Amino acid sequence: MPIAITSEHQDLADSVRSLLARAVSSEMLHAAMDTPITNPPPYWQAAAEQGLAGVHLPEGVGGQGFGILELAVVLAEFGYRAVPGPFVPSAIASALLAANDPAAAELSGLA
């Protein structure tokens, strides 16, 4: 079944792309090829302020209340930019947790 990308999804992708262009410098990307990046990575706060890590999580745990398609849009933009760090695995872990228990206590920290 194909995924229907709406104009809202495109707007979200544009927003994420813009954030990553500002928050993830090409110098950081090049440096990450030779040495591990700090944890949390330099872009983490900016992504958190935009609610990207919890875009797919219920509002009750601190998420944005959207769905897995919106998460896929966000993850695609992180992938296009080849952003290093824990964002993608954290988002996948939270999606799996939420699928099993949408009110899991761990989700608020991941959101």
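Q: Accessible areas come from the Shrake-Rupley method with a 1.4 Å probe; how much area, on that basis, does the protein chain of this predicted model expose, and which atoms supply 60% of it?
A: The protein chain exposes about 6500 Å², and carbon and sulfur atoms account for 60% of that area. Of its 111 residues, 33% count as buried, where buried means a relative accessible area under 20%.

Q: What is the secondary structure of the protein chain, and how many helices and strands does it come to?
A: The chain comes to six helices and zero strands, and reading along the sequence gives the pattern α-α-α-α-α-α.

Q: Why is the protein chain called as compact as a globular protein of its length?
A: The globule rule, 2.2 Å times the number of residues to the power 0.38, gives 13 Å for 111 residues, and the radius of gyration of the chain is 14 Å, close to that value, so the chain is as compact as a globular protein of that length. Along its principal axes, the C-alpha trace spans about 40 × 30 × 25 Å. Among contacts between residues at least 6 apart in sequence, 62% join residues at least 24 apart.

Q: How does the reach of helix α4 compare with the span expected for it?
A: Helix α4, residues 68–81, has 14 residues and reaches 20 Å from its first C-alpha to its last, which is close to the 20 Å expected at 1.5 Å a residue. Its buried residues are E70, L71, V73, V74, L75, E77 and F78, and these pack against α1 (7–23), α3 (44–49) and α5 (87–100).

Q: Why is A82 called exposed, and what is its phi?
A: The relative accessible area of A82 is 54%, and the class of exposed residues starts over 50%, so A82 belongs to that class. A82 follows α4 and lies in the loop between α4 and α5, and its phi is positive, about 55 degrees, although A82 is not a glycine.

Q: Which peptide bond is cis, and what is its omega?
A: The bond from N39 to P40 is cis, with omega near 0 degrees. P40 has its place in the loop between α2 (26–32) and α3.

Q: What makes A53 count as buried although it lies in a loop?
A: A53 is found in the loop between α3 and α4, but its relative accessibility is 13%, which is under the 20% limit, so A53 counts as buried. Leaving aside residues up to four places away in sequence, A53 touches A47, F87, S94, L110 and A111. Its C-alpha is separated by 20 Å from that of T6, a residue 47 places away along the chain.

Q: Why are the rings of Y43 and W44 called a tilted pair?
A: The count of aromatic pairs comes to four. The ring centres of Y43 and W44 are 6.3 Å apart, within the 6.5 Å limit for a pair, and their planes stand at 50 degrees, neither under 30 nor over 60, so the pair is tilted. Y43 is buried, with a relative accessible area of 1%, whereas W44 at 24% counts as partly exposed.

Q: How do you know that the rings of F78 and F87 are stacked?
A: Their centres are 4.0 Å apart and the angle between their planes is 5 degrees; planes under 30 degrees apart count as stacked, so the pair is placed in that class. F78 and F87 each have a relative accessibility of 2% and are buried. Ring pairs link Y43, W44, F78 and F87 into a cluster.

Q: Which residues touch the most other members of the largest nonpolar core?
A: This core has 22 residues, of which V16, V24, Y43, L52, V74, F78 and F87 touch the most other members. The elements that give two or more residues to this core are α1, α2, α4 and α5. A second, separate core has five residues, among them L57, V61, A98 and L107.

Q: Which residues does Y43 touch, not counting those up to four places away in sequence?
A: Y43 touches A23, V24, M28, F78, V83, P84, G85, P86 and F87.

How values were computed. Residues numbered from 1 in each chain as written. Predicted model: local features only at pLDDT ≥ 70, side-chain atom pairs only at ≥ 80, totals over all residues. Heavy atoms only, no water. Helix = DSSP H or I, 4+ residues; strand = E, 2+ residues; numbered from the N terminus. Expected span 1.5 Å × (residues − 1). Buried < 20%, exposed > 50% of the residue type's maximum accessible area, 1.4 Å probe, protein only. Contact = heavy atoms within 4.5 Å. Areas by Shrake-Rupley, 256 points an atom, 1.4 Å probe, with all protein chains shown as cover. Phe/Tyr/Trp six-rings, centres within 6.5 Å; stacked < 30°, edge-to-face > 60°. Core = buried A, V, L, I, M, F, W, Y, C linked by side-chain atoms within 4.5 Å.
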